[in-house]
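Trainee: I should like to learn how to read the features of a structural model. May we go through one together?

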Amino acid sequence: MNLKKQIRKEITIDHLNVVIYEQPKVMADNASDFVEKNIKEAINKSGFANILLATGSSQFLFLEALRNKEIDWKKITVFHLDEYKDISPNHPASFRKYLKDRILSFVNPKKVYFLNGDAADCEKEMKEYEQILINHPIDIACIGIGENGHIAFNDPYEADFNDRDQVKLVNLDEACRRQQFTEGWFPYFDDVPRQALTLTIPAILNSKVISCVVPDQRKSKAVYDTLNGKINTSCPASILRTHSRSRLFLDQFSASRLDF
Ligand code: GLP
């Protein structure tokens, strides 16, 4: 049986192409095929590719599939979406550690640019990351959606669709912090940082292609709001509907509230 063919439903909402699979593993394999294809197209065209990676437990299966692809990682520059303010890169919840553990220790990219949440001069760190991003237009962004509908750490109402910055310091809302605690990244709720450095919504939308991977029942409300609500910051992920080359990968669980 060809697992790749197990699409349950495909629909385009505004500009966003939505593909629903039965099982999370099949969803992740298909998302990795899509990302591989876009990376290879960028390399064929320009000789290199710039990619943006999300972190979080929703990305486990996708990154496992991606790291097993035959991709010429020596031609790839890697960026990531966000990092907690003042967290050490060795903390179990650090997104830099996550990337090292889940993909970078398996592949050998040309260059990785880490967003150092614990930089002594946070403003300088963000300005430098912003400049590097401007110099490296992203070919494909691999993102997720949080339980509260955020993309990167742009939480509801904190998100700004017209942000002039590419990277900024944000306050994390209670739902976002609670998700991180419940997933076990921090021993106590109070340990979850209250602030983070994040790419802004315009920085993410500047990417030529966006692949958004969202498994799990826990995300079903955020997915419903992304696709059915108004495009506004009450659900930051709703902005994905305005991107002309974006694809949302769902499993039957995250898609369970959709009525199509
Ligand atoms: C997380 C991370 C992002 C990720 C998103 C969804 O909090 N900060 O990098 O794209 O939110 O991931 P998850 O719900 O798996 O944590």
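Mentor: Lys168 and Asp163 form a salt bridge in this predicted model, with their closest N and O atoms 2.7 Å apart. Both Lys168 and Asp163 are buried.

Trainee: How many salt bridges does a search of the whole structure find?

Mentor: The search finds 22 salt bridges. The criterion is a side-chain nitrogen of Lys or Arg within 4 Å of a carboxyl oxygen of Asp or Glu. One of the pairs is Asp33 with Lys69, where N and O are 2.4 Å apart. This pair links distant parts of the chain, 36 residues apart: Asp33 belongs to helix α1 (residues 24-46), while Lys69 is in the loop between α2 (60-67) and β4 (76-80).

Trainee: Which residues are linked with Asp33 and Lys69 in a network of salt bridges?

Mentor: Glu36 and Lys40 are linked with Asp33 and Lys69 in that network.

Trainee: Are Asp33 and Lys69 buried or exposed?

Mentor: A residue counts as buried under 20% relative accessible area and as exposed over 50%, with partly exposed in between. Lys69, at 19%, is therefore buried. Asp33, at 22%, is therefore partly exposed.

Trainee: What does the salt bridge between Lys127 and Asp165 tie together?

Mentor: The closest N and O atoms of Lys127 and Asp165 are 3.7 Å apart. Lys127 lies in helix α4 (residues 122-135) and Asp165 in the loop between β7 (140-143) and β8 (167-171), so this salt bridge ties together parts that are 38 residues apart in sequence. Lys127 is partly exposed at 44% relative accessibility, and Asp165 is partly exposed at 31%.

Trainee: Let us turn to the ligand. Which residues are closest to the ligand, and how many surround it?

Mentor: The ligand is surrounded by 16 residues. The closest are Ser58, Asp82, His150, Gln179 and Lys219.

Trainee: How should I read the polar contacts of the ligand?

Mentor: One begins with the atoms that are paired. In the case of Asp82, an N or O atom of the side chain is 2.7 Å from a nitrogen atom of the ligand. For His150, a side-chain N or O atom is 2.7 Å from an oxygen atom of the ligand. Lys219 likewise places a polar side-chain atom 2.7 Å from an oxygen atom of the ligand. The ligand taken alone exposes 380 Å², of which the protein buries 100%.

Trainee: Where does the ligand sit?

Mentor: The ligand sits in the largest cavity.

Trainee: What does the side chain of Asn154 reach?

Mentor: The side chain of Asn154 reaches the backbone oxygen of Leu199 at 2.9 Å. A polar atom of the Asn154 side chain also lies 3.0 Å from the backbone oxygen of Ile151. Asn154 itself is found in the loop between β7 and β8 and is buried, with a relative accessible area of 0%.

Trainee: How should I read the sign of a phi angle?

Mentor: Most residues other than glycine have a negative phi. Tyr157, which is not a glycine, has a positive phi of about 70°. Tyr157 is in the loop between β7 and β8 and counts as exposed at 64% relative accessibility. Asp216 also has a positive phi, near 95°, and is a residue other than glycine. The location of Asp216 is the loop between β10 (209-214) and α7 (220-228), and its relative accessibility of 32% makes it partly exposed.

Trainee: How should I compare separation in sequence with distance in space?

Mentor: One reads the two values side by side. Gly149 and Ser238 are 89 residues apart in sequence, and their C-alpha atoms are 8.1 Å apart in space. Gly149 lies in the loop between β7 and β8 and is buried at 1% relative accessibility. A further pair is Phe106 and Glu64, 42 residues apart in sequence and 9.5 Å apart in space, C-alpha to C-alpha. Phe106 is in the loop between α3 (95-104) and β6 (111-112) and is partly exposed, at 47% relative accessibility.

Trainee: Which residues that we have discussed should I look for in the loop between β7 and β8?

Mentor: Among them are Gly149, Asn154 and Tyr157. Of these, Gly149 is buried, Asn154 is buried and Tyr157 is exposed.

Methods:
Residues are numbered from 1 along each chain as its sequence is written. This is a predicted model: local features need pLDDT of at least 70, side-chain atom pairs count only at pLDDT 80 or more; totals for chains, interfaces and linings use all residues. Side-chain values use heavy atoms; hydrogens and water are left out. Helices (H or I, at least four residues) and strands (E, at least two) are DSSP runs, numbered from the N terminus. Buried means under 20% relative accessible area, exposed over 50%, partly exposed in between (1.4 Å probe, protein chains only). A residue is near a molecule or strand if one of its heavy atoms lies within 4 Å of it. A polar contact is a pair of N or O atoms within 3.5 Å; within protein, one must be able to donate a hydrogen and the other to accept it, and residues adjacent in sequence count only if both atoms are side-chain atoms. Accessible areas come from the Shrake-Rupley method with a 1.4 Å probe; for residues, only the protein chains shown count as cover. On a 1 Å grid over the protein atoms alone, a cavity is a set of points where a 1.4 Å probe fits but cannot get out, and a pocket is an open set with protein on both sides within 12 Å along at least five of seven lines; lining residues have an atom within 4 Å of a point. A molecule sits in a cavity or pocket if more than half of its atoms lie within 2 Å of its grid points.
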